[in-house]
Every structure is written in C-alpha cells, then in structure tokens.
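I opened my notebook to look up a few things about how this protein packs. Here is what I wrote down, entry by entry.

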Amino acid sequence: MKSKPRMSNFELLRIIAMFMIVLHHSIVHGVLGEFFPQNSFDLYSNHPVVFSVARLFAFGGKTGVALFILITGYFSINSKMKWSRILKVWVPTLFYSILCYILFKLFGPSLTDKRQVLASFFPVIFRSYWFITLFIMLLFAIPALNTLWHHCSRKQQGYIIISLFVAYILIPTLGLYADNSLFFIFIMYYLIGGYIRETPKVSFWNKKTVYIVGILLSLTGYAYLTFHGIRAGYLAHSSDMINATTKFFGDNNICVVVFAVSFFMFFNHISLRPNRLINLVASSTFGIYLIHDNPFVRKFIWFDLLHFEKLATTNLINFVVIDLTTVLIIFGICSAIEIIRNKLFNLCGFSKLLQNRFNDFNLF
C-alpha cells in the first residue's frame, strides 16, 4: 500500500524548529554557555548589543521543542501507538550514541568515566539526550492520554489544558514557584496539538489575526522582559540578575508557549504541495539533533573546534553572520549524515525488518 505523502507545511515547520534549536545551542552551549563561563556583568558592560542579541537568538530552542510536541499531538491524538514508533526513536538514538562514543574513544581524549560508557550504550535511561528520554516517556503515555482525551467533552478537554497551563506555565512565570515538570509540559503541548486538530477551521481560534498577534506579542514580551531584566542586573552590578533572565526562554515561560502555539497555527493554515526536498530534509531533523547535541560532539563543536567564546566579544555584524552561517553549516552537515544513515539502513533491510516486525503490535 502506497504511503500518503507527508504534509510539507508541517515538514517545513520541523525544519524551522530544528534550525531554531541548533541556533539556541550555539548560544547556550557556545557563545554564552556552559563551556565558556564568563562574567555576565563585564560581558554586557563591554558588548551590550551583541550580548542582548545573543539572548534573543536563544529564544528559539524551547519553542522548537514545543513545536515538535505540538506536531506529535496534532497527528497522534486519533491514532494508535505502535511499538515501531518507539523503535524509530530508540534505534537512531542508540546508533548515534554508540557511534559517537566509539569515534571519540578512538580519536579523542581518553574516556575513563564509567558513567559515560553506560550513558553511551543506554542513552535513554541515562538521559544522554534529555528530550529523547521525555519524548519516549510521552510515547508510552499516548495510549492512556488518547483514551482519556476521547472520553472527555470538548469543554473538559479545554479544562485539562488550562489546568496544565496554569500549574506548569502561568504560576512559574509569575515566580510563585519554580516547578519545571517537563513531562507535564510535554503532555500539555501534546493535548494542545490534539485540540487544534479537532478545532473547526471557522473557529475564532483559527483566524489569522489571532496567531499573528500571538507571534508578535510573544516576541515583544520576551524581548522586553529580557532587556529589562538585563538592564536591571547591570544597574545593580549583579551577574546573577543578568543570568536570571535566561528563564524567559525556559520551558515554562508564557512567551515560549504563546509563540509556539501561534507559530504552529500559522503553519497549520499554509497550503503547500508535497515537496520532495522539504520532506527529505525534514526527515533528517531527528538525526540532526542526535548528532550535533551528543554530549561528546557538543563540546567538540562549540569549544574545541569553533571557540565560540570569541563571538561574544566581536561586533554585531560579525556575530550575526558567523553564528547564523555556522548554524546553517552544522544543520546541513548533520542532515546529510542522517540522510545517508537512513538510506544505508533501508538498503540493508534493517528499517524494513523493524517495520514488518513491530508495525502490527499496538503499545497497549
């Protein structure tokens, strides 16, 4: 039976979401991130424009994650979860985790940490990729979520989403407590995706003005909160206050949610004919994440190879051009590697074997 071609509007959305994630990593792991501990107060004092724009670039990471979960909910809310779906996530994760460990064991510095070995061979259990661990947990929860969802009225479905939003987004954003229960945030995005799928096209919530306003408001709100917080920290001579503004592009910030949902709805209204190139690149986005954000590769790219700390002290034009160009190159290289891996798996019959063996078995 010939498979139905993928909807290229959502495939293009996957590509943009992954590009935003790589861009986010270039900032949080690179320019201003974990491998280059720099004094935020001094850095902002000497390079305020570059520092501020770098924080703007970081906004896309968590919104990219949210978009992937929204897409999952949109297409999975009415489907049965099969074991083959989980294996499509688990197999590439294990493949790249072991491959990167072997390559860095052979050609990199000595790896003596036993936990690194265990994490490389059991990446889901040891959270080598935090997103993959949570995403597989979500896949296991989908049968129960879908059953609960379809036993609720439309009003009850809305109450569930609102309750999750208030508990895990609104209250933490207001600073009343700092709970960051990512799994429940994933569930919220999944159910929002399902809710959008079942929303009539004539509904008020599907009017173009609504999601355009949502995109603009979320970006404006994020920029204002971030710049205001950075400026307040500068006036108080406090690096801690400046660093605290990273919460505005965190998982449970309202600006992230509004932007992700609005951006998703925007692409939901775009009509694109099936495009082979878009669909091919989109099929590699999962591999792009697994390659560039592998714990070994991450440090090698941003620290050993590119020394991205230098970008924090350059001028704005150099920063923007070099950062965006580098992210695009990394995106392209990782995409090509994943496309080749997928073709090799298909040629040797491995992918077909997994599909035939497990596609007929529902998760529950």
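Entry one, a glutamine. This is a predicted model, and I began with glutamine 157. Leaving aside neighbours within four places in sequence, I found glutamine 157 in contact with Trp149, Cys152, Tyr195 and Glu198. I then looked up where glutamine 157 sits, and it lies in helix 8, which covers residues 154-173. Is glutamine 157 buried or exposed? I noted it as buried, because its relative accessible area is 5%, and the cut-off for buried is under 20%.

Entry two, the core. I turned to the largest nonpolar core and read off 100 residues. Which residues have the most contacts inside that core? My list reads Leu67, Ile132, Tyr189, Phe264 and Phe319. I picked leucine 67 for a second look. With neighbours within four places in sequence set aside, leucine 67 is in contact with Leu13, Ala17 and Met20, and also with Ala260, Phe263 and Phe264.

Entry three, empty space. How many cavities of 30 Å³ or more are there? I got one. The largest cavity has a volume of about 50 Å³. For its lining I wrote down Lys62, Val65, Ala66, Ile69, Leu182, Ile185, Phe186, Tyr189, Asp251 and Val256. Sorted by type, the lining residues come out as eight nonpolar, two charged and no polar. I also checked which helices take part: helix 4 (60-76) and helix 9 (182-197) each supply at least two residues of the lining.

A last cross-reference: Tyr189 lines the largest cavity and is also among the residues with the most contacts inside the largest nonpolar core.

Notes. Residues are numbered from 1 along each chain as its sequence is written. This is a predicted model: local features need pLDDT of at least 70, side-chain atom pairs count only at pLDDT 80 or more; totals for chains, interfaces and linings use all residues. Side-chain values use heavy atoms; hydrogens and water are left out. A nonpolar core is a set of buried Ala, Val, Leu, Ile, Met, Phe, Trp, Tyr and Cys residues joined through side-chain atoms within 4.5 Å. Buried means under 20% relative accessible area, exposed over 50%, partly exposed in between (1.4 Å probe, protein chains only). Contact means heavy atoms within 4.5 Å. Helices (H or I, at least four residues) and strands (E, at least two) are DSSP runs, numbered from the N terminus. On a 1 Å grid over the protein atoms alone, a cavity is a set of points where a 1.4 Å probe fits but cannot get out, and a pocket is an open set with protein on both sides within 12 Å along at least five of seven lines; lining residues have an atom within 4 Å of a point. Grid points are joined across faces, edges and corners, and a volume is the space filled by probe spheres set on the points. Ala, Val, Leu, Ile, Met, Phe, Trp, Tyr, Cys and Pro count as nonpolar, Asp, Glu, Lys and Arg as charged, and the others, Gly among them, as polar.
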